[in-house]
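Student: I would like a close look at a single part of this model. Please take one helix and show me how its surroundings fit together.

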Amino acid sequence: MTAHANEFAVDVRGLRKRYGDVTAVDGIDLGIRRGEVFGLLGPNGAGKSTTVEILQGNRNRDAGEVSVLGTDPAKATRAWRSRVGIVWQDESAPAELTVRETVRHFAHYYPKPRDPEQVIGLVGLEAKAGSRIKALSGGQRRRLDVALGVIGDPELLLLDEPTTGFDPAARHQFWDLIRLLADEGTTILLTTHYLEEAEALANRLAIIARGRVVAEGEPQTLRDRFGTGATVEWTEPDGTTRAEHTETPTKAVADLMRRFDGEIPGLRVSRPTLEDVYLRLTGQGAAR
Amino acid sequence: MTTTTAAPVRTRGGAERLPSAWTIGLRRGALEIRQFFRQREQVVFTFSFPVVFLFLFASIFHDDVKGSGVTASQLYVPAMMASGIMSTSFQSLGISIAIERDEKVLRRLRGTPMPPAAYFLGKIWLVLCTGILETAILLAVGTTFYDVSLPSSATRWLDFAWIFVLGLTACALLGIAISSVPKSAKSASSVVVLPFLVLQFISGVYISIGTIPGWMLDIGALFPLKWLCQGLRGVFLPDSAKVLEQAGAWEFGRIALVLAAWCVGGLVLCLLTFRWKNRRDG
């Protein structure tokens, strides 16, 4: 099978998508290796969801080459769909059914599903297996969404902003679940606008803004590559706070020392965090 | 090999057999029926609506219809059965599928290897089940209170069977087709109920054929409800009532033709227009 020979689970070249006058995706390249957790990070409206929907085979593209598990998702077949698991941004499970009924039913769609009871356990819903879906909390519904995403034993799992609206405890539980799936060898693509989430889960990540990839790599590498220099902050005699981003912080401090003739009021020198890198790259960090 | 992830990479061959559309369709049917009957409110209102209307009309209008050998009450029994068949198929599906689309149930299904045909099959099973129940209830009320007798011959039962199946299927397919018209679930019931209500007036459900202007009847004759009503009158009323029909006959042959044509046309319409996502979702 050519799909097996392909090192990349997802291979995207020059992807473009416009909605009327708005360009949502403006030439994105992505390569996601088999077995890795890949984070697609960006602010709302950056083009994350559009990209993922195209990878799911649920949206047409205007231009570019897309290969998901060796197949163009625009020509998705049932066999291909059985190898790709999807967890949607908004929940959509039938309210009147119980968790167990729903998971069991979805298992029948797939040629080689996982054991429904095992999947219910995997997402931590054993205690709720007999409950109607309408009686579940938001976090529990999300867990059910993941259960339905993995019931077919997918090779690739696509998660679109899976933890939006979670409280911190629920988010950490969810992360554990994703790590568990990753440890089992599932290739995972997840979009998020939470930097800490991408940093906690992803082997590699791409930061996208205004429909383009502005940085790609391991979280540590991104910090090192884009987080050069430092920010020097001080207070002017009139009381205003000034900040300057510089590649030569020592020289900047020496210059200030000369200007103030001694102690510099409110002096602070800080190295950029990954968050600073993210905010700068996505054009949200104007104040920094 | 030095890799950062020690986990085995998940890959699979493509040799497994996918479950057939028929099998999944049966499972979906069972699931749809279970879901339907768990919504108490919906069950009560779906089934009581035509019964209440039958009670109202058949009790208000009960005089003999001259020269036909039947009472107005008797006329209302097949009329309300036809209306009940259309409400369990056309109206229920039109509204419920629009809601499922709005709540993204359809989009989720589209993301699985479930074949689209299995979804439609499941809906047909649901409609068959609720349609049979609805018809049985109306028939029980009709025979008990309004002097309608069950078909006396096997031929008439057979006519009843094909009229029921063709009429139900045609209306169900039209319901699936109209579900794509409303922009959101909020407007679904208005979009679906208005044409249904109009059809009931011009197809001889509420008002007898003899009272409706000819041009209205001609429009009604373009749609399945008129023929469904006529066919059921033919099954449940004595032949003396034929004089009330436009053609002075039951026209079973033409009924079969029109309903079958609507089954084919409705299927084509569904295949051409069915959407898995809302318009605003692209």
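Tutor: We start with one helix, then widen the view to its chain, the core and the partner chain. Keep in mind that this is a predicted model.

Take helix 11 of chain A, which runs over residues 274-281. Which of its residues are buried? They are A:L274, A:V277 and A:Y278. Look at the spacing of such residues in general. An α-helix has 3.6 residues a turn, so residues three or four places apart point the same way. Now look down the axis of helix 11 of chain A. Its buried residues fall within an arc of 95°, so they line one face of the helix.

What covers that face? The cover over the buried residues of helix 11 includes two strands of chain A, strand 3 (37-41) and strand 8 (204-209). It also includes helix 8 (195-201) and helix 9 (219-226) of chain A. After helix 11 of chain A comes A:G283. The phi of A:G283 is positive, near 70°.

A positive phi also turns up at a residue that is not a glycine. A:D261 has one, of about 55°. Where does A:D261 sit? It is in the loop between helix 10 (249-260) and strand 12 (268-270) of chain A. Is A:D261 buried or exposed? It has 7 C-beta neighbours inside 10 Å, so it counts as exposed. The cut-off for exposed is 12 or fewer.

Chain B has a case to set beside it. B:E251 is not a glycine, yet its phi is positive, about 55°. Its loop joins helix 9 (224-236) and helix 10 (252-273) of chain B. B:E251 has 18 other C-beta atoms within 10 Å, so it is partly exposed.

Now step back to the whole of chain A. It holds eleven helices and twelve strands. Its C-alpha trace spans about 75 × 45 × 35 Å along the principal axes. Of its 288 residues, 41% count as buried. Take the contacts in chain A between residues at least 6 apart in sequence: 66% of them join residues at least 24 apart.

Chain A is divided into three parts. Domain 1 is 1-83 + 155-215, domain 2 is 90-153, and domain 3 is 229-271. The C-alpha centres of domain 1 and domain 3 of chain A lie 41 Å apart.

Next comes the largest nonpolar core, with 132 residues. Those with the most contacts inside it are A:A147, A:L158, A:I188, B:V77, B:A82 and B:A172. Helix 3 of chain B (residues 72-102) gives the most to this core, 14 residues. Domain 1 and domain 2 of chain A both give residues to this core, so it lies between them. Pick out B:V77. Leaving aside neighbours within four places in sequence, its contacts are B:L54, B:A58, B:L138, B:G142, B:Y146, B:V148 and B:F236.

Last, see where the chains touch. Here 32 residues of chain B are in contact with 34 residues of chain A. On the chain B side, the elements that give two or more residues are helix 1 (21-38) and helix 4 (105-110). Helix 1 of chain B gives the most, with five residues. By class, this side of chain B has eleven nonpolar, ten polar and eleven charged residues.

How values were computed: Residues numbered from 1 in each chain as written. Chains lettered and ligands numbered in written order. Predicted model: local features only at pLDDT ≥ 70, side-chain atom pairs only at ≥ 80, totals over all residues. Helix = DSSP H or I, 4+ residues; strand = E, 2+ residues; numbered from the N terminus. Buried ≥ 20, exposed ≤ 12 C-beta atoms within 10 Å, placed from the backbone. Contact = placed C-beta atoms within 7 Å. Nonpolar A, V, L, I, M, F, W, Y, C, P; charged D, E, K, R; others polar. Domains from an automatic or database assignment. Arc of directions from axis to C-beta. Core = buried A, V, L, I, M, F, W, Y, C linked by C-beta atoms within 7 Å.
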